[in-house]
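Reader: Could you walk me through this one, please?

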Amino acid sequence: MNNDFLEIIKIFEKIKKKGYIKSLYVDNGAAGKMFEVLIDKKLDNKCLPDYKNIEIKTSIESDKYPITLFSCIPLKKNYSSYETLLYLIDNYGYITSNCCKALMINVKESKIKYCKNHFGFMLKVSYKWKRIFLCIFHKNKIYDTSIYWKFDDIYSVFSTKLSKMVCINYKKKIIHSDKFFYYHNMHCYKLKSLDDIIFAIKNNIITINLNFSLFCGKLKYHGINFVIYEKDLNNIYNLIK
């Protein structure tokens, strides 16, 4: 066993012995937040790993939902991050049932996926430009390629935050509207190489979820998330335990 993980393993084993634990939270991220409470995590700096040099991910005992690796707003020349989000939602968002404008879609490399407003989205990895382009289509024709992520920005996130990671599996039960979590299994991972990350995006092992909206002039950002299924982590990580 790599010494980097010994401390978090000991902490996890103590938590596991407690069985089902009543959560202080009820939202979608409750399991992860509750685990942070249990390891006595104080402040959340999203640019740094959760526990010392290790990033912690929680995953319910199912392959139904992917793991969010990180969130990253793309770039557009001469635009701030906020302006880029407004540009996307203003031009390509669709009207929802509660009359807000939203952009919620999973985007993949070389596979166009259309929204309700007939705009299509696709990722295109360019090794020449060292960028991942968010290609937008209309009526099956390319319409906009001005939005992108830089390879270097993605490398930076993995080097700083995601080089070592643990994935904790949990079970959930609800009693009288209270959530209870049982953290029963943990795997430890070390990043293989930065090149494997771009390969994973190129081959749709890592995809991107766009999830933000505009309601009454207020932008609600739920993340532009790079996601992967736990079963596919071996494509970018070595399993340590």
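Author: Two strands pair if DSSP finds at least two bridges between them; strands (E, at least two residues) and helices (H or I, at least four) are DSSP runs, numbered from the N terminus. This is a predicted model, where local features need pLDDT of at least 70, side-chain atom pairs count only at pLDDT 80 or more, and totals for chains, interfaces and linings use all residues. Residues are numbered from 1 along each chain as its sequence is written, and side-chain values use heavy atoms, without hydrogens and water.

Reader: OK, so in which sense do strand 8 and strand 9 pair?

Author: Strand 8 (residues 131–138) and strand 9 (residues 141–150) run antiparallel and share seven bridges, with phenylalanine 137 standing opposite isoleucine 142 of strand 9. Two residues sit between the strands of this hairpin, where lysine 139 takes a positive phi near 55 degrees.

Reader: And how many aromatic pairs are there?

Author: The structure holds 18, where rings of Phe, Tyr and Trp (its six-membered ring) pair if their centres lie within 6.5 Å, and planes under 30 degrees apart count as stacked, over 60 as edge-to-face and the rest as tilted. One of them joins tyrosine 92 and tyrosine 143, whose ring centres are 6.2 Å apart with planes at 85 degrees, so this pair is edge-to-face.

Reader: Which parts does that pair tie together?

Author: Tyrosine 92 belongs to helix 3 (residues 81–92) and tyrosine 143 to strand 9, so the pair links parts 51 residues apart in sequence. Both tyrosines also belong to one aromatic cluster with Tyr79, Tyr87, Phe119 and Phe121.
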